[in-house]
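Here's a protein model to explore together. Have a look at it first, and then we'll walk through some of its details.

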Amino acid sequence: MNNELLEALNILEQEKNISKDTLLEAIENSLLTACKNHFGKAENIRVIIDPETCEFHCYQDKTVVENVEDPVCEISLPNAQMIDTKYELGDVVAVEIQSKEFGRIATQNAKNVILQKIREEERKVIYDEYNSKEKDVVTGVVQRMIGKNVSINLGKADALLTENEQIKGEVFQPTERVKVYILEVKSTSKGPKILVSRTHPELVKRLFESEVAEVREGIVEIKSISREAGSRTKIAVWSNDPDVDPVGACVGLNGARVNAIVNELRGEKIDIVTWDENPAILIQNALSPAKVISVIADADDKSAKVVVPDYQLSLAIGKEGQNARLAARLTGFKIDIKSETQAREAGDFLDYENDYEDEEYYDDEEYADDEYVEEEYAEDSSEDDEE
């Protein structure tokens, strides 16, 4: 019996990751429960378990009295001296209880206590495991559709991908493997409730960490992310090593690294730009692929005025304003984009070319005056010679 119990505890410890000490505690509580059901109370019951052999004994402490009124707590002197002749009135005798004495109901209750404890510990172990993975990316297998939500098996527990956290237009097939971002893990009476996302910006960051060694090691930092899931993402990167190109490291040879992430996100476009402490340069980079003529950034007001060539205005703004919207989120600035013509008409654009022409005209005029002076001086000199 003890060997079988020991083997069962070892198997549970390995498969369910439940410690043997916890299981032994559950057995002790179950025996106390059985004694309480059998005797009506368990205040004077002691359970001793050897953790090495799983051998257990139950003892009932009884006081030696002359006349027994409560057989659960008291024992007569003759009966006590049958156990050991040294006992006298007033002594406490440890009377061993045989588990065979328990009735069917008491035994069933003890079994239920053990099973309940195992279930509780199993739920706790799973909760702790996935709670430690909160705000991280895991790979799961699509199980089934629950209305518009998707149930995804993560191995030891199922997660729920709600409609709001799904990429618009994305279709899942049963048994399909998919990477998800763990939003939140809640502890419930039925086990952990895990909520996951496919639209969270941090999903992209975690994918780059897994795909790009330089990001994972901290050589390249992802400073900021703005995302419209399923359509386009912009990320600003910075290198702590001057010899490492942050954009090139993220793109990879022939785009291998970024393409792996694009494929995981079902074709979502990713723009990778260089981070800069200077807001004007950062905004210029963030509006990529559009070319920028000038940026005037107000760091206090968190606003910026940007001028682009006329033919680049639609590219800078993007389809339905997407490029400008993502750039604004990436930089944290409110960006006002104008074409070169619009800026000139509004007086927001300094025409350096015209200023340069004016300056040249001024120089020519000054040079002409000098020539006039020289000619006048030459005429005066010739008149003096004639005299």
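How many salt bridges does a search of the whole structure find? The search turns up 19 salt bridges. Keep in mind that this is a predicted model.

**Charged pairs**

Let's start with three of these pairs. The table gives the N to O distance for each one.

| Positive partner | Negative partner | Distance, N to O |
|---|---|---|
| Lys117 | Glu121 | 3.6 Å |
| Lys223 | Glu221 | 3.8 Å |
| Arg344 | Glu340 | 3.1 Å |

Take Lys117 and Glu121, whose side chains meet in a salt bridge. Both residues sit in helix H4, which covers residues 104-131, and they are four residues apart, or about one turn of the helix. Lys117 has a relative accessibility of 21%, so it counts as partly exposed. What about Glu121: is it buried or exposed? Glu121 is buried, because its relative accessible area is 15% and the cut-off for buried is under 20%.

Arg344 and Glu340 have a similar story to tell. You'll find both in helix H12 (residues 340-346), again four residues apart, about one turn of the helix. Arg344 is partly exposed at 37% relative accessibility, and Glu340 is partly exposed at 22%.

Then there's the salt bridge between Lys223 and Glu221. Lys223 is partly exposed, with a relative accessible area of 36%. Glu221 is partly exposed too, at 32%.

Salt bridges can also join up into something bigger than a pair. Which residues are linked in a network of salt bridges? They are Glu170, Glu176, Arg198, Glu264 and Arg266.

**A negative patch**

Now for some charges on the surface. Glu13, Asp21, Glu25 and Glu28 form a negative surface patch. Which helix gives the largest share of the negative patch? That's helix H2 (residues 20-39), which supplies three residues. Asp21 is in helix H2, and its relative accessible area of 58% makes Asp21 exposed, because the cut-off for exposed is over 50%.

Stay on helix H2 for a moment, since His38 is found there as well. His38 is partly exposed, with a relative accessible area of 34%. Where does the chain bring His38 in space? The C-alpha atoms of His38 and Arg104 are 9.8 Å apart, although 66 residues separate the two along the chain.

**A helix with a buried side**

Next, find helix H5, which runs over residues 201-211. Which residues of helix H5 are buried? They are Leu203, Val204, Leu207 and Phe208. These residues cover an arc of only 135° around the axis, so they end up on the same side of H5. Try looking down the helix axis to see this for yourself.

**Loops and unusual backbone angles**

Finally, let's visit some loops. Gly147 lies in the loop between strand E5 (137-146) and strand E6 (149-153). Is Gly147 buried or exposed? Gly147 is exposed, with a relative accessible area of 68%. Its C-alpha is 9.5 Å from the C-alpha of Thr162, and the two residues are 15 apart in sequence.

Some backbone angles deserve a second look, because most residues other than glycine have a negative phi, and most peptide bonds are trans. Lys135 has a positive phi, near 70°, and is not a glycine. You can find Lys135 in the loop between H4 and E5, where Lys135 is partly exposed with a relative accessible area of 39%.

Thr175 is another residue with a positive phi, about 75°, although it isn't a glycine. Thr175 is placed in the loop between strand E7 (158-161) and strand E8 (177-188). With 64% relative accessibility, Thr175 counts as exposed.

And which residues does a cis peptide bond join? The cis bond joins Ser288 and Pro289, and omega is about 15°. Pro289 lies in the loop between helix H9 (279-286) and strand E13 (294-298).

How values were computed:
Residues are numbered from 1 along each chain as its sequence is written. This is a predicted model: local features need pLDDT of at least 70, side-chain atom pairs count only at pLDDT 80 or more; totals for chains, interfaces and linings use all residues. Side-chain values use heavy atoms; hydrogens and water are left out. Patches are made of residues with over 30% relative accessible area and no salt bridge: like charges are joined within 9 Å, nonpolar side chains (Val, Leu, Ile, Met, Phe, Trp, Tyr) within 5 Å. Accessible areas come from the Shrake-Rupley method with a 1.4 Å probe; for residues, only the protein chains shown count as cover. A salt bridge is a side-chain nitrogen of Lys or Arg within 4 Å of a carboxyl oxygen of Asp or Glu. Lys and Arg count as positive and Asp and Glu as negative; His and the chain ends are not counted. The place of a charge is taken as NZ of Lys, CZ of Arg, CG of Asp or CD of Glu. Helices (H or I, at least four residues) and strands (E, at least two) are DSSP runs, numbered from the N terminus. Buried means under 20% relative accessible area, exposed over 50%, partly exposed in between (1.4 Å probe, protein chains only). The arc is that of the directions from the helix axis to the C-beta atoms.
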